[in-house]
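Have your viewer open and your selection tool ready? Let's take a walk through the aromatic rings, one selection at a time.

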Amino acid sequence: MTRRRWIADRVQGDRAFLLDQNADHLFRVLRAKVGQQFEVAADGVLRLGTVVSATTEHVEFQLGAEVESAALPEVSAYLSIFKFDRMEWALEKLTELGVARVIPVVAQRSGAHLAKAAQTRLERWRKIVREASQQSRRIAAPEIAAPVAVKKAIAEEKGSRIVLSEAEEVVSLKAALVGCRPPLALAFGPEGGWTEEEIALFAGSGWRSVSLGHTILRAETAAIAAVAVAVAFLHTEHSETSS
């Protein structure tokens, strides 16, 4: 039987702790008892954890042996800010797919009111990806960076860099992924897409424009589809290289 996995809220030596909402769910809903064992991700290391005390506000584990876990390819998603309800759904799904980092990007077509409000949503976004990480059995939640302007964001990225663009008609994502190695960065435009000026900025910073096909996708659909393809491709490439 697969053990439930938790990401520790606090770690002290060989002790890990769930606090507040996580503790309440484990104690009250799942009825955790002293002596029960769970998988606990503690500071990025997955270990076997035995419950030594439990209340609605505080669950303490004694950490034991490390548990083997599969490594995920390092993929970052540069996600232009768009309507928050759909963006938060995308954050949840990108977490499930295994992204290492999400950088909210203020694009020219993001909308001034959304760009301004984004700074106040960081705590909520980090809570969403943490919960999604536990549900999908990750050992750590993806990093959610503070919102940043396109020009600054793309200039700082290293490694393989791909920007999804509806203006691209020749190069497909699949073709661009051939020869790519992690870390990989994927950039997604807002509703209405990137402006010509932004596409020029990407090109000048060494990003490669690619297409996801001939249909126009919503921002969240494009992000989820592209990350799913990229993660599957990188995983296959790694498996073939290692075999």
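Start by selecting Phe-202: in this predicted model, Phe-202 has a relative accessible area of 1%, so this residue is buried. Now add Trp-207, which counts as buried too because its relative accessibility of 5% falls under the 20% cut-off.

Keep those residues on screen and bring in Tyr-78 and Trp-194. Together, Tyr-78, Trp-194, Phe-202 and Trp-207 form a cluster linked by ring pairs.

How many aromatic pairs does a search of the whole structure find? The answer is five. For one of them, select Phe-84 and Trp-125: the ring centres are 5.8 Å apart and the planes meet at 70 degrees, so this pair is edge-to-face. Colour helix α2 (residues 84-97) and helix α4 (residues 122-135) next; Phe-84 belongs to helix α2 and Trp-125 to helix α4, so their pairing ties together parts 41 residues apart in sequence.

Are these two rings' residues buried or exposed? Phe-84 is buried, at 12% relative accessibility, and Trp-125 is buried as well, at 0%. Now return to Phe-202 and Trp-207: with ring centres 5.2 Å apart and planes at 75 degrees, their pair is also edge-to-face, because the angle is over 60 degrees.

For the last stops, look for charges over rings. Select Arg-4 and Trp-6: Arg-4 lies over the face of Trp-6, 4.6 Å from the ring centre. Then move to Arg-10 and Phe-17, where the charged end of Arg-10 sits over the Phe-17 ring at 4.4 Å from its centre.

Conventions
Residues numbered from 1 in each chain as written. Predicted model: local features only at pLDDT ≥ 70, side-chain atom pairs only at ≥ 80, totals over all residues. Heavy atoms only, no water. Phe/Tyr/Trp six-rings, centres within 6.5 Å; stacked < 30°, edge-to-face > 60°. Helix = DSSP H or I, 4+ residues; strand = E, 2+ residues; numbered from the N terminus. Buried < 20%, exposed > 50% of the residue type's maximum accessible area, 1.4 Å probe, protein only. Lys NZ or Arg CZ within 6 Å of the ring centre and 35° of its normal.
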